[in-house]
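Colleague: I would like to go through the terms used for this model and ask what each one rests on. Please give the cut-off wherever the reasoning needs one.

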Amino acid sequence: MLGRVNHVAIAVPDLTAATAAYRDTLGAKVSQAQALPEHGVTVVFVELPNTKIELLEPLGENSPIAAFLDKNPSGGMHHVCYEVDDILHARDQLSASGARVLGSGEPKIGAHGKPVLFLHPKDFFGTLIELEQV
Ligand code: CO
């Protein structure tokens with residue numbers, strides 16, 4: 001079911017500072033900040049030769065990463081995104097095996113313009129998993 005790691009996401013309290021650290025201290029190529037109000041985050045992508053790092057800052061009142069940052073005030077690894085060929089097939093197979101798909105269960109369009117779903121971290125050893133159809 002799983003293909004490549006598409007990205008690893010890190011929740012940060014200050015996106016400007018995190019972007020500067022990746023660009024200036026670590027010498028990585030970083031994207032422009034992109035506000036995604038429907039996901040409650042502003043995102044910057046760090047482009048690496050083999051994958052991407054997604055830096056996430058809360059946006060708006062009910063950001064899904066606000067509680068995470070309350071527990072991890074200096075930031076931390078938030079989720080891992082794996083690529084799948086067919087997200088609806090993956091969802092149905094996962095649901096049938098008892099894994100919980102978050103939200104309505106219908107894919108949303110993610111930061112790359114592709115359909116995404118999230119899987120409950122308690123079903124996968126404490127790690128929030130994002131699936132992205134590529
Ligand atoms: Co993501």
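Modeller: Two strands pair if DSSP finds at least two bridges between them. Keep in mind that this is a predicted model.

Colleague: What makes strand 8 and strand 9 a pair?

Modeller: There are 4 bridges between strand 8 and strand 9, and at least two are needed, so they count as paired. Their sense is antiparallel. One bridge partner to look at is glutamate 132 in strand 9, which goes with valine 116.

Colleague: How do you know that strand 7 (residues 108-109) pairs with strand 8 (residues 115-119)?

Modeller: The two are joined by 2 bridges and run antiparallel. Since the definition asks for at least two, strand 7 and strand 8 pair as well. Valine 116 appears here too, as the bridge partner of lysine 108. The hairpin has 5 residues between the strands, and glycine 113 takes a positive phi near 75 degrees in it.

Colleague: Which residues hold the cobalt ion, and what makes them donors?

Modeller: His7 (NE2), Glu54 (OE), His79 (NE2) and Glu130 (OE) coordinate the ion, at 2.0 to 2.4 Å. A donor N, O or S atom must lie within 2.8 Å of the metal, so these atoms qualify.

Colleague: Why is the arrangement called irregular?

Modeller: The 4 donor atoms subtend angles of 88 to 175 degrees. Tetrahedral would require all angles between 85 and 135 degrees, and 175 is outside that range, so the name does not apply. The arrangement is therefore irregular. Water is not among the atoms, so sites may look incomplete.

Colleague: How are the donors spaced along the chain?

Modeller: They follow H-x46-E-x24-H-x50-E. Histidine 79 is in strand 6 (residues 76-84) and glutamate 130 is in strand 9 (residues 128-133), so this pair ties together parts 51 residues apart in sequence. Both histidine 79 and glutamate 130 are buried, that is, under 20% relative accessible area.

Colleague: How do you know that the buried residues of helix 1 are on the same side?

Modeller: In helix 1 (residues 15-25), the buried residues are Leu15, Ala18 and Thr19. They cover an arc of only 100 degrees around the axis, which puts them on the same side. Thr16, Asp24 and Thr25 are exposed on the other side. The cover over the buried residues includes strand 2 (29-30), strand 4 (41-47) and strand 5 (52-58).

Colleague: What caps the N-terminal end of helix 1?

Modeller: Aspartate 14 does, with a side-chain oxygen 3.1 Å from the backbone nitrogen of threonine 16. A polar contact has to be within 3.5 Å, and 3.1 Å meets that.

Notes: Residues are numbered from 1 along each chain as its sequence is written. This is a predicted model: local features need pLDDT of at least 70, side-chain atom pairs count only at pLDDT 80 or more; totals for chains, interfaces and linings use all residues. Side-chain values use heavy atoms; hydrogens and water are left out. Donors are N, O and S atoms within 2.8 Å of the metal (3.2 Å for Na, K and Ca); water is not among the atoms, so sites may look incomplete. Four donors count as tetrahedral if all angles lie between 85 and 135 degrees; four count as square planar and six as octahedral if opposite donors are over 155 degrees apart and all others between 65 and 115; anything else is irregular. Buried means under 20% relative accessible area, exposed over 50%, partly exposed in between (1.4 Å probe, protein chains only). The arc is that of the directions from the helix axis to the C-beta atoms. Contact means heavy atoms within 4.5 Å. A polar contact is a pair of N or O atoms within 3.5 Å; within protein, one must be able to donate a hydrogen and the other to accept it, and residues adjacent in sequence count only if both atoms are side-chain atoms.
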